[in-house]
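This report describes a protein model, beginning with the chain fold and ending with the contact between the copies. The sequence and structure come first.

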2 protein chains.
Amino acid sequence: MRGRGPRSRRHHHGHWSVHARVERFTEPALLLLLRERPAHGYDLVERLPELTGDQRVEMGNLYRLLRALEEEGLVESEWDASTPGPAKRRYAITPAGTHLLEHWAEALRRSQERTSEFLKRYEERG
Amino acid sequence: MRGRGPRSRRHHHGHWSVHARVERFTEPALLLLLRERPAHGYDLVERLPELTGDQRVEMGNLYRLLRALEEEGLVESEWDASTPGPAKRRYAITPAGTHLLEHWAEALRRSQERTSEFLKRYEERG
DNA sequence: CTCATATATGTGTCTTTTACAGGTAACGAC
DNA sequence: GTCGTTACCTGTAAAAGACACATATATGAG
């Protein structure tokens, strides 16, 4: 239970850091960015904080996630060597990905309601 | 990436199940229930769905979580053998737990804002 | 040329959290 | 006795995330 990672929240002077992130939120965030326009991984890493907050997403995990999404048919990709510098793998969303994003949006709305009820109940008896 | 668990979402006929739960949400839910009144584990398991939705929380993990919270000084407990049936361990929230719950509430409000921005952006270009 | 930096994609591995599958024990109803 | 309910607990594996490291192309400073 101890060590680094999400549960390691103890800070100086008895303060705690709590982040309250939605599980696997990177997935709908990627799908939303890719629905707006195709992009490659490095580009997505730079634009993800617009949706996730200022938290940086781990590059390695992001590339793995993109390949997993492609295996499941939610995105598709091809190499793009047209620009100078290292070759990029350009990802685009598929119809299945758009469909899943829709389900994510519904799930996030339900999550909003649950959290609202939690906060209401929290504030009722402060 | 395959197998059972949170990422195993493929259902019949191309449908997917997405849940959008807040990470470690059981922790603030427990703290809120315990702020309202002391309780024992089995009782908490029955009342947690009021906050988490209809999803059932795993008993084993709940007892482990309660002991972890106690180790961190967020709750305290004592055995209660006054009632018939098996002895219960009665948990109560500590001042540190109340303080952490406050941070959770702030974090959840920030999470609400991020999710609202996500949904707004999602609906802008539907 | 060499070195540092930025771009771009990856692998390896550990921890945390959650899921799942059990086990032990007290008590009441039958 | 044994069945169901209450109540607590352990073991273990998978998923997601955190962190460290590896590889390669290009550009600019010196």
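## Fold, core and interface

Chain A contains five helices and three strands, where helices (H or I, at least four residues) and strands (E, at least two) are DSSP runs numbered from the N terminus. Along the sequence of chain A the pattern is α-β-α-α-α-β-β-α. The model is predicted, with local features requiring pLDDT of at least 70 and side-chain atom pairs counted only at pLDDT 80 or more, while totals for chains, interfaces and linings use all residues. Residues are numbered from 1 along each chain as its sequence is written, and chains are lettered from A and ligands numbered from 1 in the order in which they are written.

Chain A has 126 residues, and 26% of them count as buried. A residue is buried if 20 or more other C-beta atoms, placed from the backbone, lie within 10 Å of its own. Of the contacts in chain A with a separation of 6 or more, 42% join residues 24 or more positions apart; a contact means C-beta atoms, placed from the backbone, within 7 Å.

**Sheets.** In chain A, three strands make an open sheet in the order β1-β3-β2 with antiparallel pairing. Strands pair if DSSP finds at least two bridges between them. β1 (39-40) and β2 (75-80) of chain A are the edge strands, each with a single partner, so one side of each has no neighbour in the sheet. In chain B, the open sheet of three strands likewise has the order β1-β3-β2 and antiparallel pairing. The table lists one pairing from each chain.

| Strand pair | Bridges | Opposed residues |
|---|---|---|
| β1(A) and β3(A), antiparallel | two bridges | A39(A) and Y91(A) |
| β2(B) and β3(B), antiparallel | six bridges | W79(B) and R89(B) |

α1(A) lies across β1, β2 and β3 of chain A and runs at about 90° to β3(A). Such angles run from 0 to 180 degrees between N-to-C directions, with axes fitted to C-alpha atoms, for helices over the stretch in contact.

**Helix α1 and the core.** Nine of the 11 residues of α1(B) are buried, so this helix is largely enclosed by the rest of the structure. Among the buried residues are T26(B), E27(B), L31(B) and L32(B). The largest nonpolar core has 52 residues, and those with the most contacts inside it are L31(A), W104(A), L31(B) and L32(B). Such a core is a set of buried Ala, Val, Leu, Ile, Met, Phe, Trp, Tyr and Cys residues joined through C-beta atoms within 7 Å. α5(A) supplies the largest share of this core, seven residues. Leaving aside residues up to four places away in sequence, L31(A) touches L74(A), I93(A), G97(A), L100(A), L101(A) and W104(A).

**Interface and symmetry.** The contact takes 32 residues from chain B and 32 residues from chain A. On the side of chain B that touches chain A, α5(B) gives the most, with 16 residues. All of the interface residues of chain B (100%) are also interface residues in chain A, so the copies meet through the same surface.

A rotation of 180° with 0.0 Å of shift along its axis superposes chain B on chain A, with an RMSD of 0.1 Å. That is the relation of a two-fold axis. The superposition is by least squares on the C-alpha atoms of residues with pLDDT of at least 70 in both copies. Among the residues of chain B, V22(B) comes closest to the rotation axis, at 2.1 Å (C-alpha).

Key: Two residues are in contact if their C-beta atoms, placed from the backbone, lie within 7 Å. A residue is buried if 20 or more other C-beta atoms lie within 10 Å of its own, exposed if 12 or fewer, and partly exposed in between; C-beta atoms are placed from the backbone.
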